[in-house]
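Okay, thanks for coming, everybody. I'll put the model up, and then we'll walk through it together.

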Amino acid sequence: MTGPSTNPRPLTPDPLVDTHVHLNHDDLYADRASVMARAAASGVGVFVVVGYDLASSERAVALAGEDERIFATVGVHPHDAANWGDAAAGRLRALLAAPRVVAVGEIGLDFYRDLSPREAQRAAFVAQLKIASEAGLPVVIHCRDAYSETLDILEGHDPLLPPILHCFQGTLADAERAWTRGWFLGIGGALTFKNGDALRATVRAAPPECLLLETDAPYLSPAPLRGKYPNEPARLALVAETLAAVRGVSVQEVAALTTANARRAFPRLSAEGGYSTSSSRT
Ligand SMILES: [Zn+2]
C-alpha cells in the first residue's frame, strides 16, 4: 500500500495529468490514499484538485501541501455565487498566496441548474476573472447552457492566460471560438458516452494543442463505468484510450500530448518543479 506522500513510477514515460479532479470532495477525500494509489497504477501522475467554494478551495490548498503530485485551484463556482462578496474575495486572495496554486476556478456560469441568481453568477465570474489576472493565473471555467455568454465575457475580459473550458460540452462553433484564441478544452467522461458523437466530432477536428484530459471525479464516470459513483482519477485511462481512438493515435501519444498541454495551460505545474517525468522525487 502506498501512502499519499510517495511518488510511484508512472507506467508511461509521460504521466497522465488529471487536470480537473475533486479529491477535496468528501466522497473521495477520506479514501484519497487508495484513490491516488489506484490512479498511479493506471498512469496518472499529477492531480489538479479544483476548488468550487471557499471550504473546498482551502482543502485543495491543504492537499497540495501534503503531496507533491497535487496542485490546487481556488475559486467560487456559479452554484455558490450568491455567497460571493468582499469577504469571499478577501479569503480567495489570501488562498492565492499559497504555494502550488495553479489557477483560479472553477468559475463561470451555469444556466442549467441556476442554483444562484444569474446576476450573482455574472458578478462572481467577472470579479474572479479580474483576481486571476492580477495573480497572473489562468482560469478554469465551468459552463452549462451558457456558452455564448461565457465566451462573450471571456473575450471581453481578454484574460492574461488562456482559459481552460473544463468538461467542454459546447458546439463545434463554441469550440472553434475557443481554440482559435489558443484556449484549452477539458475532455472527460462525456467523450466516452454513447450519445457523445457531437463531442467526438469536435475533438476529432480540434487542433491537438488545445486538448486536456480530466475526470471531474467524483462525477462523470466514463463508459463502461458510466453512472458508477464515485468516479476516480484511475478512470482517466478510459478517457485517454477513447481520445486515442477518436484521434487515431496511440495512448502514449495522447499522454505525451495532453501532459505537454497541461504544462502550458497551468504554467505553475512546471514553474514549481512539482513533478518530473523521468525520476522519483521525495
Ligand atoms: Zn468540477
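**Confidence, sheet, helices, oddities**

So, how good is it overall? The average pLDDT for the chain is 92, and 91% of the residues reach at least 70; pLDDT, remember, is the predictor's confidence in each residue, from 0 to 100. Some housekeeping: this is a predicted model, so local features need pLDDT of at least 70, side-chain atom pairs count only at pLDDT 80 or more, and totals for chains, interfaces and linings use all residues. Residues are numbered from 1 along each chain as its sequence is written, and side-chain values use heavy atoms, with hydrogens and water left out.

Now the weak spots. Residues 1-11 stay under 50 in pLDDT, and the model gives them 21 contacts beyond four places in sequence, a contact being heavy atoms within 4.5 Å. Residues 273-282 also stay under 50, with 23 such contacts. Where pLDDT is low, please don't read the predicted coordinates in detail.

On to the sheet. It's an open one of 8 strands, in the order S1-S2-S3-S4-S5-S6-S7-S8, with parallel pairing. Quick terms: strands (E, at least two residues) and helices (H or I, at least four) are DSSP runs numbered from the N terminus, and two strands pair if DSSP finds at least two bridges between them. At the edges sit S1 (16-21) and S8 (211-213), each pairing on one side only.

Zoom in on S2 (residues 44-50) and S3 (residues 70-74): they pair in the parallel sense over 4 bridges. Phe 47 stands opposite Ile 70 in S3. Lying across S2, S3 and S4 (101-110) is helix H3, residues 54-66, which runs at about 160° to S3. Axes here are lines fitted to C-alpha atoms, for helices over the stretch in contact, and angles run from 0 to 180 degrees between N-to-C directions.

Next, helix packing. How do H9 and H10 sit against each other? H9 (residues 236-247) and H10 (residues 251-265) pack at about 105°, axes 8 Å apart, so they're roughly perpendicular to each other; the classes are under 35 degrees for roughly parallel, over 145 for roughly antiparallel, 65 to 115 for roughly perpendicular, and oblique for the rest. The contact is made by Ala 240, Glu 241, Leu 243 and Ala 244 of H9, with Val 251, Val 254 and Thr 258 of H10.

The other pair is H4 (residues 86-96) and H5 (residues 118-135), whose axes come within 11 Å and cross at roughly 25°. These two are therefore roughly parallel to each other. From H4, the contact uses Ala 89, Leu 92, Arg 93 and Leu 96; from H5, Gln 128, Ile 131, Glu 134 and Ala 135.

Last, the backbone oddities. Most residues other than glycine have a negative phi, and most peptide bonds are trans. Against that, Ala 223 and Pro 224 are joined by a cis peptide bond, omega about 5°, and Tyr 229 to Pro 230 is cis as well, omega near -5°. Where are these prolines? Pro 224 is in the loop between S8 and H9, and Pro 230 lies in the loop between S8 and H9 too. Then there's Arg 100, with a positive phi near 70°, in the loop between H4 and S4.
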